[in-house]
Amino acid sequence: MKFGILVNEGPYTHQAADTAYQFTKAALEKGHKIHRVFFYHDGVNNSTRLTEPPQDDRNIVQRWQKLAADYKLDLVVCVAAALRRGIKDENLAEGFRISGLGQLVESGIQADRLVTFGD
Amino acid sequence: MTESTGGIDMDEETSGVVKKFLYVNRKAPYGTIYALESLEVVLIAAAFDQDVSLAFIDDGVYQIVKGQQTKSINVKNFSPTYRALEGYDIEKLYVAKESMEERGLTEADLLVDVKVVSATEMADIMAGQDVILSF
């Protein structure tokens with residue numbers, strides 16, 4: 001099955017950011033396809049390369065980056081939501097790209113299922 | 001990237017496919033950004049010629065209540081935008097009857113024309129969708 005993933009919550013604040021990753025990873029390992037992961041609302045904070053969690057904690061941003069590199073994932077950050085929250089190309093982590101909300105709608109059209117993670 | 005289609009080349013990417021999209025609005029209009037950013041998706045989505053409906057459930061019904069005044073909290077009152085949806089051919093707005101009644105609201109309190117539906121009817125509407133985006 002081809003999934004679209006929508007991440008609506010920020011890292012370290014909300015379980016949704018972790019669950020979205022776990023779901024995506026599990027789906028890929030089961031042989032499913034991920035059309036795109038779209039970061040919206042506070043979810044855009046999953047994409048900043050300035051993130052530095054304590055050493056004994058998981059690194060949520062790098063985790064996405066590795067998954068994206070391993071599976072050629074398309075990680076898209078909403079431009080309007082990102083600019084509101086101070087995320088721009090200069091602090092965007094490698095492996096993510098900034099684009100418009102149309103990318104989310106397109107994912108809804110092209111994926112078999114669009115799965116939302118958030119409240 | 002163009003503003004109206006949110007980074008998508010319409011001709012190449014999505015032509016031909018029409019899916020039923022339901023945007024479920026569950027949060028009060030102010031206090032969190034969910035309602036405003038949901039509306040931003042709806043407006044972008046309008047450019048994609050999809051079959052779009054909106055549902056207002058729980059505190060989401062407050063999003064379309066008349067007479068919103070936000071000056072004192074220094075936040076933009078975006079409620080007039082709901083009136084503009086008709087101009088984007090988005091005319092299927094459903095409101096959960098129970099949510100409205102629990103909050104002491106009637107259809108006369110709302111700033112757009114809606115269809116008031118029971119929880120059972122809302123469930124049927126949801127079951128008939130291809131894509132549900134819940135904010």
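What follows is a chat between two people about a predicted model with chains A and B.

Colleague: What should I know about numbering and confidence before we start?
Modeller: Residues count from 1 along each chain as its sequence is written, while chains are lettered from A and ligands numbered from 1 in the order in which they are written. As this is a predicted model, local features need pLDDT of at least 70 and side-chain atom pairs count only at pLDDT 80 or more, but totals for chains, interfaces and linings use all residues.

Colleague: In what order do the elements of chain A run?
Modeller: Helices (H or I, at least four residues) and strands (E, at least two) are DSSP runs, numbered from the N terminus. Chain A has four helices and five strands. From the N terminus on, the order is β-α-β-α-β-α-β-α-β.

Colleague: And what radius of gyration does chain A have?
Modeller: The C-alpha atoms of chain A fill a box of roughly 35 × 30 × 25 Å along the principal axes. The globule rule (2.2 Å times the number of residues to the power 0.38, with the radius taken over C-alpha atoms) gives 14 Å for 119 residues. Chain A comes close to that, so it is as compact as a globular protein of that length, with a radius of gyration of 13 Å.

Colleague: Same tour for chain B, please: what is the radius of gyration there?
Modeller: Chain B comes to five helices and five strands, running α-β-α-β-α-β-α-β-α-β from the N terminus. Its C-alpha atoms fill a box of roughly 45 × 40 × 25 Å along the principal axes. The rule gives 14 Å for 135 residues, and chain B is close to this, so it too is as compact as a globular protein of that length: 15 Å.

Colleague: What percentage of chain A is buried?
Modeller: A residue is buried if 20 or more other C-beta atoms, placed from the backbone, lie within 10 Å of its own, exposed if 12 or fewer, and partly exposed in between. For chain B's 135 residues the buried part is 37%. For the 119 residues of chain A, the value is 47%.

Colleague: Which element gives the most to the largest nonpolar core?
Modeller: A nonpolar core is a set of buried Ala, Val, Leu, Ile, Met, Phe, Trp, Tyr and Cys residues joined through C-beta atoms within 7 Å. The largest one has 68 residues, and A:V7, A:F39, A:V77 and A:C78 have the most contacts inside it. With seven residues, the top contributor is helix α2 (residues 34-45) of chain B.

Colleague: Which residues does A:C78 touch away from its sequence neighbours?
Modeller: Contact here puts two C-beta atoms, placed from the backbone, within 7 Å. Leaving aside neighbours within four places in sequence, A:C78 is in contact with A:F39, A:Y40, A:V44 and A:L101.

Colleague: Why do the buried residues of α2(A) sit on the same side?
Modeller: Helix α2 (residues 60-71) of chain A has 12 residues and should span 16 Å (1.5 Å times one less than the residue count); its end C-alpha atoms are 17 Å apart, which agrees. The buried ones are A:I60, A:V61 and A:W64. On the other side, A:A69 and A:D70 are exposed. The buried residues share a side because, by the directions from the helix axis to the C-beta atoms, they cover an arc of only 105 degrees.

Colleague: What do those buried residues of α2(A) pack against?
Modeller: Their partners lie in chain A, and they are α1 (15-29) and β3 (75-78).

Colleague: Which element gives the largest share of chain A's side of the contact with chain B?
Modeller: The contact takes 16 residues from chain A and 22 residues from chain B. On chain A's side, α3 (79-84), α4 (102-110) and β5 (113-117) each give two or more. The largest share, seven residues, comes from α4(A).

Colleague: Is A:H41 buried or exposed?
Modeller: A:H41 lies in the loop between β2 (33-39) and α2 of chain A. Its phi is positive, about 50 degrees, although it is not a glycine. With 25 C-beta neighbours inside 10 Å, A:H41 counts as buried.

Colleague: And B:D89, buried or exposed?
Modeller: B:D89 is in the loop between α3 and β3 (92-96) of chain B, and its phi is also positive, near 60 degrees. With 11 C-beta neighbours inside 10 Å, B:D89 counts as exposed.
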